[in-house]
Amino acid sequence: VPSQGIRMSIVSLAGGFGEIRVGRDYTPIFSLSAALDTSQADNVNIGKSVYLNGAASITTVRNSGQIMYTLPTMGGLTARVAVTQRSKDPNATDDYEAQGGSVVYNAGPLMLGAAINTQKTWTSATATTKREEMIVGGTYMVKQALSLQLQYGDLQTNGAKTYKGTQVGGRYNITPSLTALASYGTGDGTVGDFTAYKLGLVNSLSKRTRLYALYGADELKKAGSPTRDRSELAIGINHAF
C-alpha cells in the first residue's frame, strides 16, 4: 500500500507477520517521542523540552530510504526496528546511515516505551558526525477525561554528552470535543540550561476538522551568554483531507 503523510512517502506490506515499511518515513524514536508529547507533535515547537526543542533536538524525525519492520503486537507489546543505508553517492550532501528501534507496552490505562537511534552522517568524504539518541517515557490515563505524559531524552554527539531533557504534561477533555493541554520541561547540556512550558486548547468540530489555540515559551541560559527568551502563539484551523 503506497502512502504519503507529512513529508513522507512509503510503501508498506502488512499481514500476520507484522508490517514492513520502505521509503521516507518517521523514525521509531520520533514516533514514540511524539506519542509521549502532550501536544502530540504539533508545529508549535517552542515550549517543548525534549525533541525539536530549539536547544539541541534529541530525535531524528524522518529518514529517506528507511526500511522498518514492526512485529505483531503480543500481550500489549509492540517492537519496531529500522535501518537506513548510506547512499554512497559521491555528489550527495549529508549522506547518512542509521539503525534504531522501539519497544512499547500498551495495556489498559498504562503505556510505557523506550527507543534508540544511532545516526552517522557524512558531511564530506572524510568528515562524519555520529548521534546517539535515546527516549524513555510513558502515559497514564487517570480517568477517561484525564491523561498524564512523561518523557526523558538523551543525546550524545561523537561520544560526548550533548543534551538531556525531561518533559511532563497532561491532557484533559473538558467536553467530548474540547481538550485542554499543558506541559513543562527542563533540559541541560552543552547548549546551556533550558526550561519550557506550553498551554493549549483544541476543539474538534468533526473527525477531520479541529480549531486550536496554542502558546509556548522557553528560556535558555548559558554562562557567558545573554539569556534567550522565546514565545510563540498559534491560533488556527486544521483539516485533514
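Here is a short walk through this structure, from its N-terminal hairpin to its cores, its loops and its surface. The model is predicted, so please read the values below as computed from that prediction.

Let us start with a hairpin. Strand β2, residues 9-15, and strand β3, residues 18-26, run antiparallel and are joined by seven bridges. Two residues lie between these strands in the hairpin. If you would like a pair to look for on screen, find A14, which stands opposite E19 in β3.

From there, move on to helix α1 (28-36). Seven of its nine residues are buried, so α1 is largely enclosed by the rest of the structure. The buried residues are P28, I29, F30, L32, S33, A34 and L36.

That brings us to the interior. The largest nonpolar core has 17 residues, and those touching the most other members are L32, I58, I135, Y163, V191 and F194. At least two residues of this core come from each of α1, β7 and β12, with α1 giving the largest share, three residues. There is also a second, separate core of six residues, among them M8, Y26, F30 and Y51. Helix α1 has L32 and F30 among its buried residues; L32 belongs to the largest core, while F30 belongs to the second one.

V191 is a good place to pause in the largest core. Leaving aside residues up to four places away in sequence, V191 touches A55, A56, T162, Y163, L220 and K222. One of these contacts, Y163, is itself listed with V191 among the core residues that touch the most other members.

Two individual residues in strands are worth a visit next. T121 sits in strand β7, which covers residues 110-122. Is T121 buried or exposed? Its relative accessibility is 16%, so T121 counts as buried, the limit being under 20%. Beyond residues up to four places away in sequence, T121 touches D94, D95, Y96, A127, T128 and T129.

G170, in strand β10, also counts as buried, because its relative accessibility is 17%. With residues up to four places away in sequence set aside, G170 is in contact with T38, S147, L148, Q149, A180, L181 and A182. Its C-alpha atom is separated by 9.5 Å from that of M141, and these two residues are 29 apart along the chain.

Now for some backbone geometry in the loops. Q40 lies in the loop between α1 and β4 (62-70). Although Q40 is not a glycine, it has a positive phi of about 55°. Its relative accessible area is 47%, so Q40 is partly exposed. N158 is another residue other than glycine with a positive phi, near 50°. You will find N158 in the loop between β9 (146-157) and β10 (160-173).

Finally, turn to the surface. Which residues form a nonpolar patch there? They are L150, V168, Y184, Y197, L199, Y215, L233 and I235, and together they have about 790 Å² of accessible area. The elements giving two or more residues to this patch are β12 (192-204) and β14 (228-239). Strand β12 thus links two parts of our tour: it supplies residues to the largest core and to the surface patch. Y215, one of the patch residues, is placed in strand β13, residues 209-221. Y215 counts as partly exposed because its relative accessibility is 30%.

How values were computed. Residues numbered from 1 in each chain as written. Predicted model: local features only at pLDDT ≥ 70, side-chain atom pairs only at ≥ 80, totals over all residues. Heavy atoms only, no water. Patch = residues over 30% accessible without salt bridge, like charges linked within 9 Å, V, L, I, M, F, W, Y side chains within 5 Å. Areas by Shrake-Rupley, 256 points an atom, 1.4 Å probe, with all protein chains shown as cover. Salt bridge = Lys/Arg side-chain N within 4 Å of Asp/Glu carboxyl O. Helix = DSSP H or I, 4+ residues; strand = E, 2+ residues; numbered from the N terminus. Buried < 20%, exposed > 50% of the residue type's maximum accessible area, 1.4 Å probe, protein only. Contact = heavy atoms within 4.5 Å. Pairing = 2+ DSSP bridges. Core = buried A, V, L, I, M, F, W, Y, C linked by side-chain atoms within 4.5 Å.
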